[in-house]
Amino acid sequence: MNYTQEIREIAARLLENGQVDMVIAWEKGDHEYQTIPFIARTVDEVGRIVCDEYSIHNLSNSLLRYRDGKEKIAIVVKGCDSRGIVRLLEDNQIKRDRLYIIGVACDGVKDPLRAMKQHSGFERIQTPEDGLAAKCLDCRQPNPVIYDEMVGEEQPIRGETDRFARIAEIEQMSADERYRFFEDMLSRCIRCYACRQACVACNCRTCIFDETRPQWVGRETSISDNFMYHLVRASHMAGRCVECGECERVCPVNIPLMLINRKLIKDVNEFFGPYEAGMEYVEGNKPPLSVYKENDPDDFL
Amino acid sequence: MKVLKMSKIEQVLDRLAQQADVYVPMLRGQQTGFFSWNTYDEGYDDLMFDILNVYQSPKHVILPQTEKMYSFSQEGQEIKIDVEAEEMTPKIIMGIRSCDVRGIEHLDDVFLTKGYVDQFYKARRDKTTIIANACYNPGTNCFCESMGVNPTDSEAADIIMREVNGGYVWDVKTEKGEAVTKQIEDLLEEQEVELFPLKPFLRKVNYEGVAEKLKDMFEDPMWEKFSEPCQTCGICTYLCPTCYCFDIQVKAWGDEGYRFRCWDSCMYREYTQMAGGHNPREAAKERFRNRFLHKLQFFTERYGRPLCTGCGRCIVVCPGGVSIIKIIDTVKEAETGA
Amino acid sequence: MHNCSCENPLVPGIVEVVKIIDETPDVKNFYVRSEKGGVPFNVMPGQLAMVSLIPVGEGMFSVSWQEENDHLEFAIKRTGLMTDELHRIEVGQKLGVRGPYGNGFPVEECKGKDMLFIAGGIGLAPLRSFIKYCFKHRDDFGKITILYGSRSAADLCFKDELFEKWPQQKDTQVYVTIDNPEEGWDGHVGFVPAYLEELNPNPEGTIAVICGPPIMIKFCLQSLEKMGYSDEQVITTLEMRMKCGIGKCGRCNIGSEYICLDGPVFNLAQLKKLPPEW
């Protein structure tokens, strides 16, 4: 997709007539396959904005930095990103009237991080793959679910595959096999917390893993502390994860984090659902695990 | 010249592994890094001597991610502590590139000089032999030469392997290197070979005078601009071959436990969070600025060389596209009042 | 078993708490003595030590006083996880202590000068080591003025020294203030920087030493400058989160200086060269 021209025009208009103080979009990095987040605050800076096939970065995460301020913010979001904005609104992290949401209908993007890595010389590959990012191949939400202005024509849903197929496979494993599978997966975690930082749903002011009184999970990269970190974080995401896939994308050691997140999505669907987080914004709506109902299922207790 | 043929590499590793823990660059599953040859699994792992570099630098061999310092046990008001006896296995890091060797030189500066000698680090470092792999093909984001690193000749290496057709020239530099070479002498051949030329660098940066200029740029608006996309995720600090900041924590259960140190990152908010609530570097911009000033100015003032070796890893993996090259360029071009 | 911290700078030596004095509702003064008797190490005024309640954590504190070869004193305020636990211990508890760290006060250069000590809250603790040093070598120093303020009367530390012992010393004036008026208090009321300007002590031949909450230090520095003190005449001791204490873990830096190694004592001239990140 390429909406660079349209977005620039909209951004220039919004900044000129003072409707917003800043526009959160993307710009080009040093390489043609590198698109990175960018904030334009004046009409002059609008010329740097791009919205192209490498605009994968979920910009809704940047809103957290401005949650306490008063600035009016315009933000460009694709389908998956817009669910992140719904997440923030439902969590009362930012006020709707401060946002001007520019939605773009997306037909899939490529991952600049993957391109950077493949061109870096750090990987043994003959030719860099240039296809769509993995998460785009079975996209269920190409069109923004919330917007003030929409760019591009509505895109059809691309993914019809059963996203829980791999989960079902893992569920079939014996307890030992499953333990070994996750031990292999999580032992290489270096606890850089990039997944937490990249996640829109991780918006606690003081994260549980930063608490000292008590310290819930130790800092060691032992398998037990790593397990605890990922399981606790996933549990906090249950019913709230919007499947934007950023956590998995930024992980420096390629841990397939979406597997764990999808398992919880599957469980929430079964026990409290069907429920898809962030699909539409209705004021006052809360994620299923934020509300206690007397008839909540409890036969797993 | 002594030459090690490609076909003999695994034999060499086996031989060396008899007396030491040999760390070599490997592809293991989804990640690349330096792993112990003793853990090599033919069906799963892949030796990566030929690759430009691996993501995880070998700094963890001498500065482990988690390191037990001493254990303790309590009885009423009494307490006993027991310092961990350092494992005595010698270590060899083989196949390390110049940029990472310079990283180790910086760690040596930090942990072995200026008033105190870190005994845990010293115990490991004294027993570590460095066999560097000279680099002739700079990558897309490599700029080590601009930061004062010689890709084909590392200062702190005990032996330098130089890639030639079919193998490596075995260039011994120090006594430590001699001692290791003796173990595999019979596996080396005498041969006259031509060394590869160093290919030109794709990226250069001019660091001259940057440390001086930064002294007046603390309040420069560039920090706000550059830190905007930064998510303070910390990946840069974990993959950087020179980042060394650590935390000291305790693990206790009942009346026993141990104190350990682990890697920490200056990008996290609690890095300077004080007990009373005061935090001198609360905002992301302040931590971002502190990291780059540390790398480009403070370290140069203290130890004489910048804390960046030009390996390019941070540029590749940063989700926000932050580039230290851009920052150095901006400083270089900045007009300062002074 | 390893008991001496001299070989490995990150490993503490064991000391015993021989006395605990309740200074205020949240400050206690701990007297510690080495397991072998005497002090674990000698300190100069202003130096720091890492005190460790071993199963809980470590914290860097200034040594409030070294009594000859008998014991060290640490005045510690209850603020966080470790200090909270520390306030629950009883006499006889064994702690870990390693040090001394830091550069300490420039006692030699201050000899012959008039001394002006300005402290707020728990900030009196590091200054106390310098104050008592001056009294121990009274004739080496000129006039001594102590200005101390706290939130309330109950929060004033070292009350018996403040009100009884120190005012009785030769050529010494002690001024105490609290933030807000209080029943039973007929002393001065007002913030320390304001009281300082009120007293307007003469800068000539004087060294001013300040310690307190960062905001108080900042205001006092401004006041002193207004009153004509030169940058070399003003000394302060700073605080940062510290973990290793030996200038290696990286976090306590202000600019290129490590508070645990190059500080915590700086004069204003040095401080002005550093970035304002404290």
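## A glycine at the B–C boundary

B:Gly115 is exposed, with 12 other C-beta atoms within 10 Å; residues with 12 or fewer such neighbours count as exposed. The model you are looking at is predicted, so please read everything below as computed from that model. In chain B, this glycine sits in the loop that runs between H3 and helix H4 (119-126).

Which residues is B:Gly115 in contact with, once its neighbours within four places in sequence are left aside? The partners are C:Ile246, C:Gly247 and C:Leu261. That makes B:Gly115 a handy place to start a tour of how chain B meets chain C.

## Where chain B meets chain C

On this boundary, 41 residues of chain B are in contact with 37 residues of chain C. On the chain B side, the elements that give two or more residues are strand E5 (66-75), strand E6 (78-83), helix H3 (98-112), strand E12 (246-253) and H9. E6(B) gives the most, with 6 residues. By class, the side of chain B that touches chain C divides into 22 nonpolar, 9 polar and 10 charged residues.

## Where chain B meets chain A

Chain B also touches chain A: here 38 residues of chain B are in contact with 32 residues of chain A. The elements of chain B that give two or more residues to this side are strand E3 (31-36), helix H8 (235-239), E12, strand E13 (256-263) and helix H10 (313-317). Strand E12 of chain B is worth a look, since E12 is listed for the side that touches chain C and is also listed for the side that touches chain A.

How does the side of chain B that touches chain A divide by class? There are 17 nonpolar, 17 polar and 4 charged residues.

## Helix H9 of chain B

Helix H9 of chain B covers residues 284-303, 20 residues in total. From its first C-alpha to its last, H9(B) reaches 26 Å, close to the 28 Å expected at 1.5 Å a residue. If you follow the helix along, you will come to a kink of about 55°, centred on B:His294.

Is H9(B) largely enclosed or not enclosed by the rest of the structure? Of its 20 residues, 15 are buried, so H9(B) is largely enclosed by the rest of the structure. H9(B) is also among the elements that give two or more residues to the side of chain B that touches chain C. Just after the helix, B:Gly304 takes a positive phi of about 95°.

## Chain B as a whole

The secondary structure of chain B comes to 11 helices and 13 strands. Along the principal axes, its C-alpha trace spans about 65 × 65 × 40 Å. The radius of gyration of chain B is 22 Å, which agrees with the value near 20 Å for a compact globule of 338 residues. Of those 338 residues, 48% count as buried. Among contacts in chain B with a separation of 6 or more, 71% are accounted for by residues 24 or more positions apart.

## Chain A and a buried valine

Chain A has 10 helices and 6 strands, and its C-alpha atoms fill a box of roughly 60 × 55 × 40 Å along the principal axes. With 301 residues, a compact globule would have a radius of gyration near 19 Å, and the 20 Å of chain A agrees with that. In chain A, 42% of the 301 residues count as buried, and residues 24 or more positions apart account for 70% of the contacts with a separation of 6 or more.

For a close-up, try A:Val20, found in the loop between helix H1 (4-16) and strand E1 (22-28) of chain A. Is A:Val20 buried or exposed? A:Val20 has 21 other C-beta atoms within 10 Å, and 20 or more make a residue buried, so A:Val20 is buried. Not counting residues up to four places away in sequence, A:Val20 touches A:Leu14, A:Leu15, A:Lys72, A:Ile73, A:Ala74 and A:Tyr100. A:Lys72 lies 52 residues from A:Val20 in sequence, yet the two are 4.7 Å apart in space, C-alpha to C-alpha.

## The two domains of chain C

The domain assignment of chain C gives domain 1 (13-101) and domain 2 (107-237). Their C-alpha centres lie 24 Å apart, and 13 residues of domain 1 are in contact with 15 residues of domain 2. On the domain 1 side, strand E1 (13-24) and strand E6 (71-77) of chain C are the elements that give two or more residues. The residues of that side divide into 7 nonpolar, 4 polar and 2 charged.

Note on methods:
Residues are numbered from 1 along each chain as its sequence is written. Chains are lettered from A and ligands numbered from 1 in the order in which they are written. This is a predicted model: local features need pLDDT of at least 70, side-chain atom pairs count only at pLDDT 80 or more; totals for chains, interfaces and linings use all residues. Helices (H or I, at least four residues) and strands (E, at least two) are DSSP runs, numbered from the N terminus. The radius of gyration is taken over C-alpha atoms; the globule rule is 2.2 Å times the number of residues to the power 0.38. Two residues are in contact if their C-beta atoms, placed from the backbone, lie within 7 Å. Domain bounds come from an automatic or database domain assignment. Ala, Val, Leu, Ile, Met, Phe, Trp, Tyr, Cys and Pro count as nonpolar, Asp, Glu, Lys and Arg as charged, and the others, Gly among them, as polar. The expected span of a helix is 1.5 Å times one less than its number of residues. The bend at a residue is the angle between axes fitted to the seven residues ending there and the seven starting there.
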